[in-house]
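Please open the structure in a viewer and keep the sequence at hand. The tour below proceeds by selections, each followed by a description of what is found there.

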Amino acid sequence: MVPADLLPPRFSEWFATRGWSPRAHQLAMIEKARAGRDALLIAPTGGGKTLAGFLPSLIELYERPPRNAPAGIHTLYISPLKALAVDVERNLMTPIREMGLSIVAESRTGDTGESRKARQRIRPPDILLTTPEQLALFCAWEGAREYFADMSCVIVDEAHAMWPSKRGDLLALDIARLQTFAPRMRRVGLSATVDDPDLVRRWLGKQQDPPPPGEMARRAGGGAVSASETPDALPPPIATRSPPPRGEVPRSSISSVDLVLGSGGAQPVVEVLVSGGRVPWAGHTAQHAMAEVYEIIRQSRTALIFVNTRFQAEFAFQELWKLNDEGLPIALHHGSLSAEQRRKVEAAMARGDLRAVVCTSTLDMGIDWGDVDLVIQLAAPKGASRMVQRIGRANHRLDEPSRALFVPASRFEMLECRAAADAILENHLDGEPARIGALDVLAQHVMGCACSEPFRLVDLYDEVRTAGPYADLSWEDFETVVDFVSTGGYALKTYDRFRRIVEDADGFWKARNAQVVQRHRMNVGAIVSPAVVNVRIGGGRRPMGGRKIGEAEEGYFEQLTPGDTFVFAGQVWQFNSLVGADAYVSPAPAKDPKMPSWGGSKFPLSTYLASRVRKMMHDETEWTALPPDVQEWMAYQKARSRIPDEDEMLLETFPRGKRFHMVMYPFEGRLAHTTLAMLLTRRLDRLGVGPLGFVCNDYALNIWSLKPMDELDLDDLFDQDMLGDDLEDWLNESFLMKRAFKACALVGGLIERRYPGEEKSGRQVTFSTDLIYDVLRKHQPDHLLLRCARADAATGQLDVARLGDLLARIKGRIRHAALDKVSPFAVPIMLEIGRERAPGDAASDMILAEAEEDLIAEALS
């Protein structure tokens, strides 16, 4: 039992005046702080989690004796969102003000005025609330060591959103830096949705593993050594290591962080809307249900309507406004809107002026809006953890159930929504794989340290390895990173512009000059926004000019090679080249699109949720929870084709018109499916079947060809060796690696987007990085940034790891159904082809409707 007398009388009285009693996890956090222990608190939304994180600091500051010298920062709070930092600052001032505490708490984000920032450096507040990027700037400041020397605590909010990313890597390194400045600093993590707490504890905690064998001997020798001098004394290179398997995090790496669990709150009420008693066969917008969604908004106090893409947000907002005869105040919030517009919406929500907000992931986390009584998810959620986070925005109170409504846009989405609802009620969350820290992020951190103060190589190596993501960093890789920051790497060392740090006569490394320091500080951070390219008409290797027909994100073209066809603005185009920030295309009206676009989710279907969907499909007893028309659809599929077992993959082949189709149902998410389709079409082309194109969604993929594919050796076609030479050949031909390299070059500091007095355009950045990429591929193929780019492409744009798991799972378990016509399951993916080619007017809507009717009639006949 945690003793209740941990609270000073003034704090106890404040709880009593509010009609509250301190919760057990709030008292436990005070107890951990008094024992000097680091802690990770996992508690449901609305349970006073943020207050629990701050209570020990408020008490310490209240009990702090008067000091002669000005005090420094006591507590640093890190938020993933600028808006959340400001919101928490406002909420934190309530107990400070009501208890009459002499405590100064201020926020510092990219939106904070320069005068306030300057004042905060001279007179630090007791509690500073900021973001990872602002902390990185602090760590690159020459006064950082003195500024943070007296700090007692760092609080990381929404830790689940931070740790499994490059942003989390940089934050872990900066926290390790703060620990060097303030050795007695406590680390506190806060989160509501964590599937595997040990992974977060490893990321948050200070690593205490002993040095590798031979390390003491190396240090006794006084200097750095190369791997070739002592091959058995150093850890293996990072490229040969794998993260520890899930659930096998070394105990030594998490023992410094205690786990505190909050009591569970009221069970959420999660419902799935069956609009008009039917579920569409295909789609991703839920347009069919908008009238009922609007009526539900009318009956609610305030609703948050979540979607998964900006396109869906714009579409849903416009559809609701068409129905809004009563003029209800409905707003829109997504990342493409200006910061000013988003702040206006957030302020209106805080005042209770709005009845509904259509939003994307920009409102997933943190902000406390007590008037929200309903969360609506339009289209499938893609993950249980994300949906728990979104549901937590409703009521934001522990003892009252949050209400959520899923609105599936198609029949496969109905399966996913049902699986997600069951997972939420069972409190089963999606997991993240263990992570190794990115080396381009480490390069940025090394540069930041040099901007702050000179360092010795061995001292910084020891410090870096106390950060969870870099606990297993080899000396060889660390030296490679430092060499990259100091020279640009072997192939670039003759270029003076890449010399950013230098070593003095005493063995200390420091920034080369003031200009390098200034440029670094203008470009800190690990978030690289996707660049937009102009789509222009033009052909040939060196096209000039060309009429602009629109804009699209570079990722749209990354996986295409010259000659591929695709859909843009309702027309079929041939992709010719990507030059700088221009994609050159030519009309191809007579061709089928090889790679149609789609308006699906930017989030992949989570591995856990995909597994539940496969299980639900196989277990007919679970069909009873589905609407009658979906049950009938499943029954027809079983009769016309087959329903695969949970660990099998169904593959169907059938003719239609003059084309032959191969449809498979891996349920592994759009990214993995797109990579699989790209690799399969290469193999099918070598086999002479004439693949013409493919289309993917989160559940299935469809490849169509000139010749039948019924007699193919499927085990050979899906052999795991496709992730070898086929993948390498495709990467070398596509532009994807160049784009991944550009992101790594920006994070690693090789190329800077912002300069004093100017900012490079996307075209200039792309041109610079493409030139460097070509030089490195030719002269130094093992360059640090090429390694980073390859790792990013494999885990990000390609989802190679998940594809590898899929190929292993289905080895010997592919169930082929050779059909003479389309199956019920195949109708949705077949309809995606037609939707991509339609320009979107009334006539084409009628054509699509007729095509859908024909496909359904064919599948059910």
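**Strand S12 and its partners**

Select strand S12, residues 374-378. Leu374, Ile376 and Leu378 point one way from this strand, Val375 and Gln377 point the other way, and all are buried. Buried here means under 20% relative accessible area, whereas exposed means over 50% and partly exposed lies in between, with a 1.4 Å probe and protein chains only. In a regular strand the side chains alternate between the two faces of the sheet. Because five of the five residues of S12 are buried, the strand is largely enclosed by the rest of the structure.

The model is predicted: local features need pLDDT of at least 70 and side-chain atom pairs count only at pLDDT 80 or more, while totals for chains, interfaces and linings use all residues. Residues are numbered from 1 along each chain as its sequence is written, and side-chain values use heavy atoms, with hydrogens and water left out.

Strands (E, at least two residues) and helices (H or I, at least four residues) are DSSP runs, numbered from the N terminus. Two strands pair if DSSP finds at least two bridges between them.

Next, add strand S9, residues 303-306, which pairs with S12 in the parallel sense over four bridges. Ile305 has Ile376 of S12 as its bridge partner. Then add strand S13, residues 403-407, which also pairs with S12 in the parallel sense, over four bridges. Here Gln377 stands opposite Phe406 of S13.

Move on to Ala379, in the loop between S12 and helix H15 (384-391). Its phi is near 70 degrees, a positive value in a residue other than glycine. With a relative accessible area of 2%, Ala379 is buried.

**Helix H16**

Select helix H16, residues 411-425. At 1.5 Å a residue its 15 residues should span 21 Å, and the end C-alpha atoms are 21 Å apart, which agrees. The expected span is 1.5 Å times one less than the number of residues. Since 13 of the 15 residues are buried, H16 is largely enclosed by the rest of the structure. Asn427 follows H16 and has a positive phi, near 60 degrees.

**Strands S3 and S4**

Which way do the side chains of strand S3 (residues 105-108) point? Ala105 and Ser107 point one way, Glu106 and Arg108 the other way, and all are buried. Add strand S4, residues 127-130, which pairs with S3 in the parallel sense over four bridges. The bridge partner of Arg108 in S4 is Thr130. To follow the chain from S3 to S4, trace helix H5 (residues 114-122); this β-α-β crossover is right-handed. That term applies if, with the strands pointing away from the viewer, the path from the first strand over the helix to the second runs clockwise.

**Helix H4**

Now select helix H4, residues 82-98. Its 17 residues, at 1.5 Å each, should span 24 Å, and the end C-alpha atoms are 25 Å apart, which agrees. Among its buried residues are Leu84, Asp87, Val88, Leu92 and Ile96. Just after H4, Gly100 takes a positive phi of about 65 degrees.

**Asn324**

Centre the view on Asn324, in the loop between helix H13 (310-323) and strand S10 (330-333). Is this residue buried or exposed? Asn324 is buried, with a relative accessible area of 7%. Its side chain makes a polar contact with the side chain of Tyr294 at 2.8 Å. A polar contact is a pair of N or O atoms within 3.5 Å; within protein, one must be able to donate a hydrogen and the other to accept it, and residues adjacent in sequence count only if both atoms are side-chain atoms. Not counting residues up to four places away in sequence, Asn324 touches Tyr294 and Ile330, where contact means heavy atoms within 4.5 Å.

**The open sheet S14-S16-S15**

Select the three strands that form an open sheet in the order S14-S16-S15, with antiparallel pairing. Strand S14 (455-456) and strand S15 (501-503) stand at the edges, each with a single partner strand, so one side of each is left without a neighbour in the sheet. Three bridges join S15 to strand S16 (residues 508-511). Glu503 has Trp509 of S16 as its bridge partner.

**Final stop: Phe667**

Finish at Phe667, in the loop between strand S23 (659-664) and helix H24 (670-686). Phe667 has a positive phi of about 55 degrees although it is not a glycine. At 1% relative accessibility, Phe667 counts as buried.
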